[in-house]
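Biologist: Before I accept the words used for this model, I would like each of them set against the rule behind it. Could you take me through the reasoning step by step?

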Amino acid sequence: MGRAHTAAYRRFLYAALGFAGLLGFALRVEALAALALGGFVLLLVAWRQARGGLARLAVAREVYPSAFEDDAVPVSLVLDNRSRRTAWLVEIRDSFGPAVADRQALLEPGPLRAARRRRLVYRTACSRPWGVYTVGPLTLSTSDPFGLFHAERGVPDVAPFAVFPRVWPVAGIAKLGARPSLSPQELTLARSGQSLAYLGVRDFRPGDDLRRIHWPATARRGAPAVKEHEVDLVPYFTLLVDLDRAHRAGTGLKSTLEYLVRTSACLVWTAATRGDLVQVLGEGARTLALPPGAGTMHATQALYELIQAQQEGHVPLLDLVEHHRLHLPAGSTATLLSGTMFLDLLRLEEALGALQSRGVRPVVVLVNKDSFLPIDRRAVPRDQAAAQAGAAATLLRSRGVPGAILSAEQDLEAELGRVDLFEAPR
Amino acid sequence: MSEATRRGDGLLPILAARSVALYALSLHAAAGALLAWTAGDAGMLALAAAVLALVLIIGESFGSSLDLGLEGTSRLRLRVTVAAAYASLVVLALTAAVGTGEARLLGQEALIFTVLQAAFLLLVDLGRTHLGPVANALVLVVLASLRGGVVAAVAVVGGLALLGFFLALDHAARVLQAYPPGRADLLGATLRRAAASLAPIVVGLTILFVLSPPAPLARVRFPAAAPGPRDEEVAAAYRRLVVFGLAGSGLIFVLVRLLRRDRGARSPLEEALSLGQGIEEALAEPPPLVPRDYHGRRGRIVRAYVQVLARARDVGFLWRPSQTPRDIAAHLPAPSGPLDALTELFVGARYGPDEPSEEQAVAAERAGQAVRAGLGRKTRV
């Protein structure tokens, strides 16, 4: 409840009791003077009670600091009453940035007895699009029993909250080069490593795991011997994102940044959930460099990095590929996500060839920036864009590289869900 | 909040009790003024009790449907115009009554304001607050208090007490109305809290009136044939009034609960959330703050810092054990200059190898005082 209601009665009482008091003293009517006196004592008592109402009352928030778009988020508020009095009608206001409403208001009606804690939970939804928002501050407020005075205190509990883009499974990725470790087509390298494929037996060296001791060989030789395994080429997925400032176009949900981030999120999440080692590389206003890692926590970290990315970089995608391709392991998959179709096709062919020669399987996803609303430069004419799309598709087909072209008019969710997404660029 | 009945939650009993308190205040004030300046027989009191109860039930039950179709600005303009006209009427009436000192004129004014009280009760649900009936009831109490004697004493004491109960119930109802229905059994607690706060005032005023009975307005001229009611007649009239009042209150309590429709409002930018049942648990006593012995200047700096933390905890700022002094300083709502200085001095004194200088100890104590003063001002009333 706002201050307006409490102020209305209070101001009226100031005026009415003041008038009654003046009248009483001027006319020497004791009853009127007593009415004013009693009324002002009531106001004084109320003021003191309101002032002490928030003393030693504390609130803190507990919330998991990230969620996906449209997720319902439970926010837990812990209200502590460390005073000796019972607390009543305590209002708590929170500001949950990803929600549509500016503020969330909750009421703890009481009684919250002395030295007690109450845990309140409210649910709200991440209605705003992906990004990093703030949650807080909290505000505690209460009034005296008559509602004449309002006491309010801000609790500067402000924390960031990450809203991740909703991820859809990219069906086409299942056909790409990454492989689970125990699949029939498992690839290993005939060097000493950690796979399940047996390589041989060698002498025990200090530091070797005791569980790897080969007991029959040890018995035969009379000295400890250990089993050796081959290197396991774990599924390895690299995403190279184009964050070149020159490829900005469109606004809001129909923008190249939106398509790049959302597509990246879907690719990373799909790869991570099937067990790949995932790394993400890009050069925006700041370097986007997520080292290789596996699991949901790593994918979450990847999403966190992606939602902070801005198309403010000056490094072309092919330069980025050139810079990193020597570090990509053989047998891995490298996805090139470009903000434009107008890549230098000769250089692209060269880069694809270099990747393939290292045993890396490239995938190319081109976002047609000219299909979005132009921001700072004119869109390329339709026929020219169609010719470039055709040339790019021909190049990818000729080198056997899976690829796709995404445009503004397409429904991104449906497009990414297509099983044949990477088979024939449209 | 949309129009919706809220049967089953804790709001309806409070809304009904608020109506009863408003009715009791109105009836008490009207009866006081009528007893003071008119014949005030049983028939008139019964009529006043019945009419006030009837109009309040109508006003509370169907007032929200009488929207007048006015926009916010027009509504405000109407409210200001009505308030100004009413204030002028009150000033004019009291000036005329006090100036002429005619008992008959005061009697007519008591009747007029009783009728106005009924009108305000009929329109009780139109405004955001119930200021109209409350203000008119106070005018009736003022009229009664001009009469002096038992009537004035009862009017003042009863009027203040009933006003307090009404305000307490109105406050609880407004707070609950702003939120979705939920657990809230506040009627008994609201009445107890209001009674506890009002009791000293009521007892004090009663003792004052017993020791020094209030005199009437000196310049009032009473007709020789009608010297005014005697104390026994007033007592009998109030006994009758209690019976009428109880009957009316019971009727109002039942009918308002049955017919009342809730009409809460909240800013569209603010989302009022319903709660899951809160889990209550005992609060562990916080560990005592730094009982270690620090001697000398190092000890003075640490004590200054610990005192700041104790004050911060008193005003509701809690920190986690994992937070460093600089983390705490970044979040503590206190003047940043002295706080940063104190934090640096504390870190040096607590963890540094060198004994601090006298100047540093004095600076820490001064900074601690400034920070504590800054923290103390954070609660706004």
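Modeller: Two strands count as paired if DSSP finds at least two bridges between them. In this predicted model, strand β13 (residues 236–241) of chain A and strand β18 (residues 333–338) of chain A run parallel and are joined by five bridges, so the pair satisfies the requirement of at least two.

Biologist: Which residue stands opposite A:T333 in β18(A)?

Modeller: That position is taken by A:F237.

Biologist: What makes β17 and β20 of chain A edge strands?

Modeller: The strands β17 (287–293) and β20 (403–406) of chain A each pair on one side only. They belong to an open sheet of six strands in chain A, whose order is β17-β16-β13-β18-β19-β20 and whose pairing is mixed. From one strand to the next, the twist averages 15 degrees.

Biologist: What lies across β16 and β17 of chain A?

Modeller: Helix α5 (residues 296–307) of chain A does, and it runs at about 10 degrees to β16(A). Angles under 35 degrees count as roughly parallel, so α5(A) and β16(A) may be described in that way.

Biologist: Why are α2(A) and α7(B) called roughly antiparallel?

Modeller: The axes of helix α2 (residues 30–53) of chain A and helix α7 (residues 187–211) of chain B come within 10 Å and cross at roughly 160 degrees. Angles over 145 degrees count as roughly antiparallel, and the two helices are therefore described with that term. The contact is made by A:A34, A:G38, A:V41, A:L42, A:V45 and A:Q49 on α2(A), and by B:S197, B:I201, B:L205 and B:L208 on α7(B). The crossing in which α2(A) passes α7(B) is right-handed.

Biologist: How many residues of chain A are in contact with chain B, and what supplies the largest share of that side?

Modeller: In chain A 65 residues are in contact with 60 residues of chain B, where contact requires C-beta atoms within 7 Å. Several elements of chain A each supply at least two residues of this side, including α1 (3–27), β1 (57–62) and β6 (116–125), while the largest share, 14 residues, comes from α2(A).

Biologist: How do you know whether chain A as a whole matches a compact globule or departs from one?

Modeller: A compact globule of 426 residues would have a radius of gyration near 22 Å, whereas chain A has 33 Å, so by the globule rule chain A departs from that expectation. The C-alpha atoms of chain A fill a box of roughly 110 × 75 × 30 Å along the principal axes, and buried residues make up 43% of the chain.

Definitions and conventions:
Residues are numbered from 1 along each chain as its sequence is written. Chains are lettered from A and ligands numbered from 1 in the order in which they are written. This is a predicted model: local features need pLDDT of at least 70, side-chain atom pairs count only at pLDDT 80 or more; totals for chains, interfaces and linings use all residues. The radius of gyration is taken over C-alpha atoms; the globule rule is 2.2 Å times the number of residues to the power 0.38. A residue is buried if 20 or more other C-beta atoms lie within 10 Å of its own, exposed if 12 or fewer, and partly exposed in between; C-beta atoms are placed from the backbone. Helices (H or I, at least four residues) and strands (E, at least two) are DSSP runs, numbered from the N terminus. Axes are lines fitted to C-alpha atoms, for helices over the stretch in contact, and angles run from 0 to 180 degrees between N-to-C directions. Two residues are in contact if their C-beta atoms, placed from the backbone, lie within 7 Å. Angles under 35 degrees count as roughly parallel, over 145 as roughly antiparallel, 65 to 115 as roughly perpendicular and the rest as oblique. A crossing is left-handed if the near helix is turned anticlockwise from the far one by less than a right angle, and right-handed if clockwise.
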